[in-house]
Amino acid sequence: MRFVLFFAAIAAFGQEGGALPAPQAPPVPQCDSYSIQTLPTLHWKQKTCIWRDQLITGNALTGAAFWGAVAEWRHTPPEWPQGFKGFGMQMGTRYAQGMTKSTAAFLVGGLLHEDPRPRPAYEIGCEHQHFRATGVWPRVGQSLLRVVWTHKENCHDAPAFSRLAGAFASGFVQMGWQPDRINNVSTALRGSAGAMGGYFGYSVFTEFQGDLYGLVGKLFTTGKPKP
Amino acid sequence: MKKLVLIGVLGLAGCIKPVNYHPGKSVFAYDFKADNYFVNGRVYEAYVEFDEQGKLFPNAGQVDQATNLIRALKGPTDRKLNVVFFVHGWKNNASEASGNVWGFRRMLDSIACQVNDPEAPTLGIYIGWPGAAANAGGFFTFWNRQAVGQTVGSGELSDVLKRLLKEVKGEGYAGKSTAIVVGHSFGGLVLERAIIKLLNEQLDQLQAGGSIEPPADLTVLLNEAGPAAQAKPLLERLTKDKITLEDAAGNQYPLLVSMTSTGDAATKIAFAGSNYFSRPKAETFPRDLFGQTTNTPYYLLTAANMVALQSHDIVITKSSTRKPVVTIGHVDGNDWAVVEKDERLNRTPYWIMQLPQTFVPDHSSIFRGEVITLLNSYLIRQGQSTVKPACEVLAARKASATAAVAAPPPGVAFSTRATSAPSKLVLRKPR
């Protein structure tokens, strides 16, 4: 009888598929694309991942190549050679400026606990009203404001010193290789202004990215039935 | 020095080998604590992973582990489970570094919180395949991953889905548990191939004048990156045989839903552009069921981006005079509903439509409260009433929410929160 009960118990256990896995605390999000976009606050490692991704991306290379090609076509500065070598110098200088910009912004932003994302994620009890404007011009305004007025980890907003540092570093680093004729503070400041303009342009683009995609999507609605 | 830099750059932008990310234990139970990110639910996760040839990784036993978990969750009382299958897309896999793993995990946490019933556990089954091939410069892997997706979709996945769905729904798919199967992007391509094979098997058993249960309660393709040619044979079969999915009162429901965001530039432009040179030779034929005279649109466009195949629209109810066939509810300040498209050629239970950006703003942002609301609305049967979720954190979020990048799910309940029993749906084939 005991044998029967024993095997019946085993059979019943097998029918139920055994025990459930023991509940555990979920893993901690690291550098995956979803968590980096949606976490209310990022830790140091995640900020490092954002910085790493800014250094080696197709966008960083194609941007440097595009603006390098424009400068090559305009032949500025004239002291630099034309041709493949000249293009290499033009592209290289822009890529180096981009890396310097990202690195300076990463370091200063990390020290000051700034959120490096162009649009920080929603956080309960820590809403940022300058993310909620409607209408074209208010949205342009809020996207420009986001460049200079940033979100911090303590839920307070403050001037975006990281981006200022990034822009200045980008402008001044070119003094390491510019021809003597233009190797001065005035040129460096112009470069910094250009870098700051890049931040503004990117912020406006990200603000309207969804609308642009929607517009483009409507233009590409095809495959209608033939009459 | 130059060589070192080059090696460093190549190393960072290096290839990702297709590996099994859960070679030992592949089922987990997570208790999420209410904080300012997760809500408060217990979630069960199971991982089932395939290699580039569409085969299960050998000796991993992942399907057995998932099966045992389903049995254990059902228990001797045959509990009702809420099971969500998810097939991830391009540039993702089943590793913890994959954004889709985390998005799916957080979505399950929200669903579990909404269900809020220990007697109706929430289980997520993550279908992994080598969708990521490079750490950087991923765009250039499009053609390669598309081909792998096609192979995986035609491989063992269909049999695995069949086995797991039977475990969840019972031998004749007639059980009380809820099973939703979702595929995103290339995951939609993978899933569509596998599920069509499974559906065809089921339809082969359907006699004229008879009825049969569908294998899943709902199959959803979100921003699918697969050619419309893949959907066409099933659409033709469903049209010719006049097959419907309906309840006892004759109300119509979707067997499959393909929805693509109006803001999804990836499938609207990049997909067509990328496949332009690799499409099969153009063929012409007499006007087909969907008003086409050439095969080109079927290969360049996805089903949801091809106007001729679209069957429904998602509209704001106050600005539409059409009768809602699915009431979605209040989202982002408006009441939404699914309505039939005027003069539609696709009258099958394979519903195909564009998705407003309110629900999914672009190609990738699919793990959102608005999507949970949408999926839930397809599960609620006509005449069935629901109650609001009793999840305190959600309620608090809703009260304080003014912005929502990761929006909390609005107050529509998941299927088990319905106050009345759902009407059984069956596939019908008229005599």
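**Exercise 1. A strand and its surroundings**

Work out whether strand β12 (residues 334-340) of chain B in this predicted model is enclosed or open, and find which strands pair with it.

*Solution.* Start with burial, where the cut-off is a relative accessible area under 20%. Five of the seven residues of β12(B) are buried, so the strand is largely enclosed by the rest of the structure.

Next, look for partners. Strand β10 (residues 312-316) of chain B runs antiparallel to β12(B) and is joined to it by five bridges. In this pairing, B:Asp313 sits opposite B:Val339. Strand β11 (residues 324-331) of chain B also pairs with β12(B) in the antiparallel sense, here over six bridges. B:Val331 has B:Asn334 of β12(B) as its bridge partner.

Finally, inspect the turn. The hairpin of β11(B) and β12(B) has two residues between the strands, and B:Asp332 takes a positive phi near 50° there.

**Exercise 2. Two helix pairs**

Classify the packing of α3(B) against α10(B), and then of α2(B) against α5(B).

*Solution.* Take helix α3 (residues 99-115) and helix α10 (residues 369-379) of chain B: their axes come within 10 Å and cross at roughly 55°. A roughly parallel pair needs an angle under 35 degrees, and a roughly perpendicular one 65 to 115. α3(B) and α10(B) are therefore oblique to each other, and the crossing is right-handed. On the α3(B) side the contact involves B:Met107, B:Ser110, B:Ile111 and B:Gln114, which meet B:Val371, B:Ile372 and B:Leu375 of α10(B).

Now turn to helix α2 (residues 62-74) and helix α5 (residues 157-169) of chain B, whose axes lie 9 Å apart at an angle of about 10°. This makes α2(B) roughly parallel to α5(B). Residues in the contact include B:Ile70 and B:Arg71 from α2(B), and B:Leu164 and B:Glu167 from α5(B).

**Exercise 3. A three-stranded sheet**

Which strands of chain B are the edges of the open sheet, and which residue stands opposite B:Leu427?

*Solution.* Write down the strand order: β6-β14-β8 (chain B), with antiparallel pairing. The edges are β6 (211-212) and β8 (244-246), each of which pairs on one side only. Two bridges link β6(B) to strand β14 (residues 426-428) of chain B. Within that pairing, B:Ile212 is opposite B:Leu427.

**Exercise 4. Backbone exceptions**

Find where B:Asn59, B:Ser185 and A:Pro77 lie, and say whether each of the two chain B residues is buried or exposed.

*Solution.* Begin with the usual case: most residues other than glycine have a negative phi, and most peptide bonds are trans.

B:Asn59 has a positive phi of about 60° and lies in the loop between β2 (42-49) and α2 of chain B. With a relative accessible area of 81%, B:Asn59 is exposed.

B:Ser185 has a positive phi near 60° and is in the loop between β5 (178-184) and α6 (186-204) of chain B. At 4% relative accessibility, B:Ser185 counts as buried.

In chain A, the peptide bond from A:Thr76 to A:Pro77 is cis, with omega near -10°. A:Pro77 belongs to the loop between α4 (58-74) and α5 (84-111) of chain A.

**Exercise 5. Confidence in chain A**

Which elements of chain A have the lowest and the highest mean pLDDT?

*Solution.* First take the whole chain: mean pLDDT is 85, and 87% of residues reach 70 or more. Then compare elements: helix α1 (residues 2-16) of chain A is lowest at 45, and helix α7 (residues 161-173) of chain A is highest at 96. Over residues 5-16 of chain A the pLDDT is below 50, and this stretch has nine contacts in the model beyond near neighbours in sequence.

Technical notes. Residues numbered from 1 in each chain as written. Chains lettered and ligands numbered in written order. Predicted model: local features only at pLDDT ≥ 70, side-chain atom pairs only at ≥ 80, totals over all residues. Heavy atoms only, no water. pLDDT = per-residue confidence, 0-100. Helix = DSSP H or I, 4+ residues; strand = E, 2+ residues; numbered from the N terminus. Contact = heavy atoms within 4.5 Å. Buried < 20%, exposed > 50% of the residue type's maximum accessible area, 1.4 Å probe, protein only. Pairing = 2+ DSSP bridges. Axes fitted to C-alpha atoms, helices over the stretch in contact; angles between N-to-C directions. Parallel < 35°, antiparallel > 145°, perpendicular 65-115°, else oblique. Left-handed = near helix turned anticlockwise from the far one by under 90°.
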